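Dear colleague,

I am handing over the structure we spoke about, and below it you will find my notes on what turned up when I went through it. Please read them with the model open beside you.

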Amino acid sequence: VRKVVFFKGMSKEDLPTDLQGVEYEIMYLYYVKRCKLEYIAQKVHYSTSNVKQLKANIIKRYSK
């Protein structure tokens with residue numbers, strides 16, 4: 001797993017290519033499209049706290 005720095009406004013091409021499904025959706029909507037957590041949670045049918053947790057886990061995984 002390569003190191004990735006996530007930031008608001010990053011391009012779709014900067015997202016890790018091995019993100020799949022909901023993980024990709026969350027990171028794409030949050031960092032590329034700059035959507036609010038509440039909107040993302042509604043879109044992927046997860047609670048806001050679940051989305052936050054998933055996002056934190058993904059960031060941790062790519063910061064090693």
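Phenylalanine 6 counts as buried, at 13% relative accessibility. Please keep in mind here and throughout that this is a predicted model. The search of the whole structure for aromatic pairs returned four of them, and one of these joins phenylalanine 6 to tyrosine 62, with ring centres 6.0 Å apart and planes at 80°, so that the pair is edge-to-face. The two partners come from distant parts of the chain, since phenylalanine 6 belongs to the segment before helix 1 and tyrosine 62 to helix 3, 56 residues apart. Tyrosine 62 is likewise counted as buried, its relative accessibility being 2%.

A pair of another kind is formed by tyrosine 24 and tyrosine 28, whose ring centres are 5.7 Å apart and whose planes meet at 10°, so this pair is stacked. Both residues are in helix 1, and because they are four residues apart there, about one helical turn separates them. Tyrosine 24 is partly exposed, with a relative accessible area of 23%, whereas tyrosine 28, at 18% relative accessibility, falls into the buried class; the boundary that divides them is 20%. Ring pairs also join Phe6, Tyr30, Tyr31 and Tyr62 into a cluster.

Tyrosine 30, a member of that cluster, deserves a second look on account of its lysine neighbours. Lysine 8 lies over the face of the tyrosine 30 ring, 3.9 Å from the ring centre, and the charged end of lysine 55 is also placed over the ring of tyrosine 30, at 4.2 Å from its centre.

Which side chain of opposite charge is nearest to lysine 55? It is glutamate 38, and it is 11 Å away, so by the 4 Å limit for a salt bridge lysine 55 has none, although lysine 55 is buried. Lysine 55 is part of helix 3, and, if neighbours within four places in sequence are left aside, its contacts are with Ile26, Met27, Tyr30, Tyr31 and Leu37.

The structure does contain one salt bridge by the rule applied. The side chains that meet in this salt bridge are those of glutamate 23 and arginine 61, with 2.9 Å from N to O. Glutamate 23 lies in helix 1 (residues 21–32) and arginine 61 in helix 3 (residues 48–62), so the pair ties together parts that are 38 residues apart in sequence. As for its surroundings, arginine 61 is partly exposed, with a relative accessible area of 33%.

Helix 2 (residues 37–44) can be read by its two sides. Its buried residues are Leu37, Ile40, Ala41 and Val44, and because they cover an arc of only 100° around the axis, they are found on the same side of helix 2. These buried residues pack against helix 1 and helix 3, while on the other side of the helix Glu38 and Gln42 are exposed. Leu37 thus appears both among the buried residues of helix 2 and among the contacts of lysine 55.

Two points in the backbone may be worth checking when you look at the loops. Arginine 34, in the loop between helix 1 and helix 2, has a phi near 60°, which is a positive value in a residue other than glycine, and arginine 34 is exposed, with a relative accessible area of 54%. Histidine 45, which follows helix 2 and is found in the loop between helix 2 and helix 3, also has a positive phi near 60° without being glycine. Histidine 45 is exposed as well, with a relative accessible area of 71%.

One last distance concerns serine 11, which lies in the segment before helix 1 and is partly exposed, with a relative accessible area of 30%. Its C-alpha atom is separated by 18 Å from that of serine 63, and the two residues are 52 residues apart along the chain.

With kind regards

Technical notes:
Residues numbered from 1 in each chain as written. Predicted model: local features only at pLDDT ≥ 70, side-chain atom pairs only at ≥ 80, totals over all residues. Heavy atoms only, no water. Buried < 20%, exposed > 50% of the residue type's maximum accessible area, 1.4 Å probe, protein only. Arc of directions from axis to C-beta. Contact = heavy atoms within 4.5 Å. Phe/Tyr/Trp six-rings, centres within 6.5 Å; stacked < 30°, edge-to-face > 60°. Lys NZ or Arg CZ within 6 Å of the ring centre and 35° of its normal. Lys, Arg positive; Asp, Glu negative; His and termini not counted.
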